[in-house]
Amino acid sequence: MIDWTANYGFFLNEQHDMLRKTVRDFAEKEVAPYIREWDRAGAHETGVAEHMLPIIKRMGELGFLGVCIPQRYGGAGFDYLALAVVCEELERVDTALRVVLSVHTGLNSLAVFQWGTEEQKQKFLKPQATGEKIAAYCLTEPNAGTDVAGMQSTAVREGDHYVLNGEKTWISLSDLADHFLVVAYTDKSKRQRGMTAFLVERTMDGVSTSPIHGKLGVRAGNTGSVVFNNVRVPVANRLGEEGEGFKIAMTALDNGRYTVASGATGLIQASLEASLRYAKERETFGKPIADHQLVKRMISHMVLNLETARMLCYRAGWLKNQGIRNTRETTLAKWHATVESFNAANDAIQIHGAYGFSDEYPVERYLRNSRGAIIYEGTRELQELLQADFALEDRVSKPLRCELPAYDEDFWNAE
Amino acid sequence: MHAVVCVKQVPEQNSVKINSDTTIDASGITPIINLFDEYAIEEALQWAEKNDGKVTVISLGPDDATDSLKKALAMGANEAILINDDSLGQVGAQGAAKVVAAAIQKLGDVNIVFCGKQSTDDETGQFGPALARFLGWPQLTYVFKVHELTDSQIVVDRALEDTLETVEASLPVVITAVKDLNEPRYPSLLKIRKVSKQPIPTWTLSDLGLSADSLGGTINIAKRTPPPPRPSGEILSGDVQTQVKELVQKLIESQIL
């Protein structure tokens with residue numbers, strides 16, 4: 001079997017290769033043998049699959065959850081490209097694993113790293129990097145997805161606290177998380193500039209969560225709603241300044257979308273690998289179906305989209321390493337990789353014929369898992385509009401009060 | 001306590017393809033640590049951690065065998081040594097054991113050597129016993145549990161074909177590990193970051209005071225034959241009772257029942 005991850009030496013080094021082998025080994029040994037049962041269970045049961053918490057804790061022990069966080073904050077001290085490598089390898093086995101990295105590491109931990117005070121980094125980032133605490137990201141509401149300004153959650157200052165009220169939904173790890181990054185209006189009249197971000201703890205009175213049932217995909221994972229009912233959040237838990245919530249949410253998405261794009265790349269690879277195996281085994285008309293031209297076409301498109309998605313992701317990761325804003329490059333990677341992961345899984349089913357229509361083979365799970373990422377963390381349509389706006393120079397990324405720090409090996413290594 | 005683990009880099013079995021002329025297609029081979037050696041590494045690490053000891057991994061192989069040594073370092077080994085020499089290309093298990101024995105003697109302060117019971121490429125199972133012979137140390141082969149290990153003594157369970165036995169030996173000693181010995185750990189992410197910068201010394205035969213002539217016979221593969229194709233299955237016809245009757249008859253005929 002060809003090593004599809006070879007020859008990326010212009011972005012990756014020996015450390016990334018060893019990291020990849022370790023994550024792959026973990027996912028193949030500790031998840032792959034059970035994932036079909038976990039996925040089936042997620043379709044029928046409460047939506048909080050029992051397997052998920054031990055697996056997240058295991059990923060924490062192994063250092064995956066803090067892979068690109070500096071060692072002084074409990075992380076493994078790798079660069080941002082390593083985050084892509086981990087996401088690729090996790091989603092190559094199942095999307096539910098990568099989703100953990102997306103919300104816990106990409107959306108929450110990196111936002112705390114970028115915008116948090118030193119005290120907040122010690123209190124929240126450190127236990128999250130080690131996996132001792134699990135983190136989620138709460139932006140979407142029942143009536144506000146892409147239209148973030150349509151949110152209704154509010155936080156009203158009362159002395160040294162804010163009183164938080166509202167409901168967030170489609171929150172990954174809602175029922176497992178200890179920490180929630182929540183965006184709410186502190187001044188609705190200012191629209192986006194009236195939003196503020198908070199680090200809310202599950203132990204605070206008034207926080208409740210419930211799972212969502214009947215998902216099309218990512219059934220092995222946990223997704224649900226989080227309700228905040230007069231939750232008193234200390235001012236010390238405010239992330240950034242009042243009014244910076246929208247910027248924080250969007251820069252968090254620059255990191256979340258990067259993990260989604262990288263994961264989708266892994267899913268394309270999984271579809272390609274499954275298709276190659278099956279196309280060589282299965283014979284029709286006296287020859288392996290791999291010898292039929294229209295099967296070859298589907299395989300060649302998977303290869304093209306795998307390699308282009310991977311390169312777009314690594315470019316975004318390289319820009320993060322340099323400390324260069326990368327909203328355009330990250331959204332392009334996310335758009336391309338997610339849409340093509342769905343197409344790759346769809347073609348993988350076609351190559352498997354009727355067997356692909358059953359969960360005897362993993363490709364139908366790949367298709368179901370791929371579909372959500374064309375909606376969450378920025379719909380396909382939003383990514384399209386963003387790309388046009390960047391091309392037309394209608395949109396520019398303005399400097400921020402807190403940028404994501406460029407990767408500095410000495411700083412990341414220091415304890 | 002200073003433990004040495006002998007690590008062989010072998011092809012991952014699924015990655016080995018045979019060409020039509022029965023030569024091996026080297027292009028798609030994925031090199032990995034020999035399966036049984038991973039158990040040896042893990043056991044050495046566990047006992048070194050308990051005894052505040054040190055683990056050195058040694059591999060005899062080409063330059064890219066450093067990949068396996070680096071993995072062992074990322075699992076927690078303290079030091080690694082590669083033995084590579086142009087004249088070692090076709091060396092057999094006994095010759096390899098003689099070379100590694102010289103390396104262990106050169107290290108000087110080694111109390112115990114852990115090896116896998118065999119390698120998954122050659123499958124000879126000769127290396128560990130031969131190493132013990134060249135070192136002049138006792139050998140405890142097929143070890144599936146280590147009960148006790150101190151600076152002077154070891155107590156292990158051995159899994160033999162029809163017997164399980166508990167054995168004591170004094171150190172220094174050579175151990176060969178079977179699959180059930182432990183659960184090998186994953187490399188640590190923090191150590192992965194360190195080992196890529198850790199130098200791995202390469203020792204040649206002359207560093208060990210050996211010459212190619214002193215290693216005994218080399219191995220040449222005279223012929224390689226693929227395993228015979230599996231016979232195709234047989235589908236029984238008729239109603240279930242007839243099929244079961246016929247199936248039982250066939251199992252009896254084949255002496256399975």
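**Exercises on salt bridges, a sheet and a chain contact**

Arg380(A) has a relative accessible area of 31% and therefore counts as partly exposed. The model is predicted, and the exercises below start from this residue.

**Exercise A: an arginine and its partner**

Identify the residue with which Arg380(A) forms a salt bridge, and decide whether that residue is buried, partly exposed or exposed.

*Solution.* Begin with the closest N and O atoms: those of Arg380(A) and Glu381(A) are 3.0 Å apart, and the two residues form a salt bridge. Next, take the accessibility of the partner: Glu381(A) has a relative accessible area of 39%, which makes this residue partly exposed.

**Exercise B: salt bridges between distant parts of a chain**

For the salt bridges of Arg185(B) and Arg40(A), find the partner of each, and state which parts of the chain are linked in each case.

*Solution.* Take chain B to begin with, where the side chains of Arg185(B) and Glu49(B) meet in a salt bridge with an N to O distance of 2.8 Å. Arg185(B) belongs to the loop between β12 and α5 of chain B, whereas Glu49(B) is in helix α1 (residues 35–50) of chain B, so the pair ties together parts that lie 136 residues apart in sequence. As for accessibility, Arg185(B) is partly exposed at 24%, and Glu49(B), with 52%, is exposed, since the cut-off for that class is over 50%.

Then turn to chain A, where Arg40(A) forms a salt bridge with Asp359(A), the closest N and O atoms being 2.6 Å apart. This pair, too, links distant parts of its chain: Arg40(A) is in helix α2 (residues 35–44) of chain A, Asp359(A) is in the loop between α9 (327–352) and α10 (363–372) of chain A, and 319 residues separate them. Arg40(A) has 34% relative accessibility and is partly exposed, while Asp359(A), at 25%, is partly exposed as well.

Finally, place these pairs in the wider count, which comes to 36 salt bridges over all chains.

**Exercise C: a glutamate in a helix**

Decide whether Glu329(A) is buried or exposed, and list which residues it touches beyond its sequence neighbours.

*Solution.* Locate the residue: Glu329(A) is found in helix α9 of chain A. Its relative accessible area is 13%, and because buried means under 20%, Glu329(A) is buried. Leaving aside residues up to four places away in sequence, Glu329(A) touches Arg315(A), Ala316(A) and Leu319(A).

**Exercise D: a strand inside a sheet**

Work out how strand β8 of chain B is paired, and whether its faces are covered or open.

*Solution.* Start from the whole sheet, which is open, has nine strands with mixed pairing, and follows the order β11-β10-β9-β12-β8-β1-β6-β7-β13 in chain B. Its edge strands are β11 (164–170) and β13 (202–203) of chain B, each of which pairs on one side only.

Next, take the pairings of β8(B). Strand β1 (residues 2–6) of chain B runs parallel to β8(B) and is joined to it by three bridges, with Ile112(B) as the bridge partner of Ala3(B). Strand β12 (residues 173–177) of chain B also runs parallel to β8(B), here with five bridges, and Gly116(B) stands opposite Ala177(B). One step further along, β9 (residues 139–149) of chain B runs parallel to β12(B) through three bridges, where Gln139(B) has Val174(B) as its bridge partner.

Then consider the faces. In a regular strand the side chains alternate between the two faces of the sheet. In β8(B), Ile112(B), Phe114(B) and Gly116(B) are on one side, Val113(B) and Cys115(B) are on the other, and all are buried, which leaves both faces covered.

**Exercise E: the contact between the chains**

Describe how many residues each chain gives to the contact, and which three residues of chain B supply the most buried area.

*Solution.* Count the residues: 13 come from chain B and 23 from chain A. The area buried between the two chains is about 1600 Å², of which carbon and sulfur atoms give 54%. On the side of chain B, Tyr186(B), Leu189(B) and Arg193(B) supply 51% of the area which that chain buries against chain A, more than any other three residues.

Now add the polar side of the contact. Three salt bridges are counted between chain B and chain A, and Glu409(A) and Arg193(B) meet in a salt bridge at 3.8 Å, N to O. Nine residue pairs between the chains are in polar contact. The elements of chain B that give two or more residues to its side are α2 (66–75) and α5 (189–195), and α5(B) gives the most, with five residues. By class, this side of chain B has seven nonpolar, one polar and five charged residues.

How values were computed. Residues are numbered from 1 along each chain as its sequence is written. Chains are lettered from A and ligands numbered from 1 in the order in which they are written. This is a predicted model: local features need pLDDT of at least 70, side-chain atom pairs count only at pLDDT 80 or more; totals for chains, interfaces and linings use all residues. Side-chain values use heavy atoms; hydrogens and water are left out. Buried means under 20% relative accessible area, exposed over 50%, partly exposed in between (1.4 Å probe, protein chains only). Helices (H or I, at least four residues) and strands (E, at least two) are DSSP runs, numbered from the N terminus. Two strands pair if DSSP finds at least two bridges between them. Contact means heavy atoms within 4.5 Å. Buried area is the accessible area (1.4 Å probe) that two parts lose on being put together, summed over both. A salt bridge is a side-chain nitrogen of Lys or Arg within 4 Å of a carboxyl oxygen of Asp or Glu. A polar contact is a pair of N or O atoms within 3.5 Å; within protein, one must be able to donate a hydrogen and the other to accept it, and residues adjacent in sequence count only if both atoms are side-chain atoms. Ala, Val, Leu, Ile, Met, Phe, Trp, Tyr, Cys and Pro count as nonpolar, Asp, Glu, Lys and Arg as charged, and the others, Gly among them, as polar.
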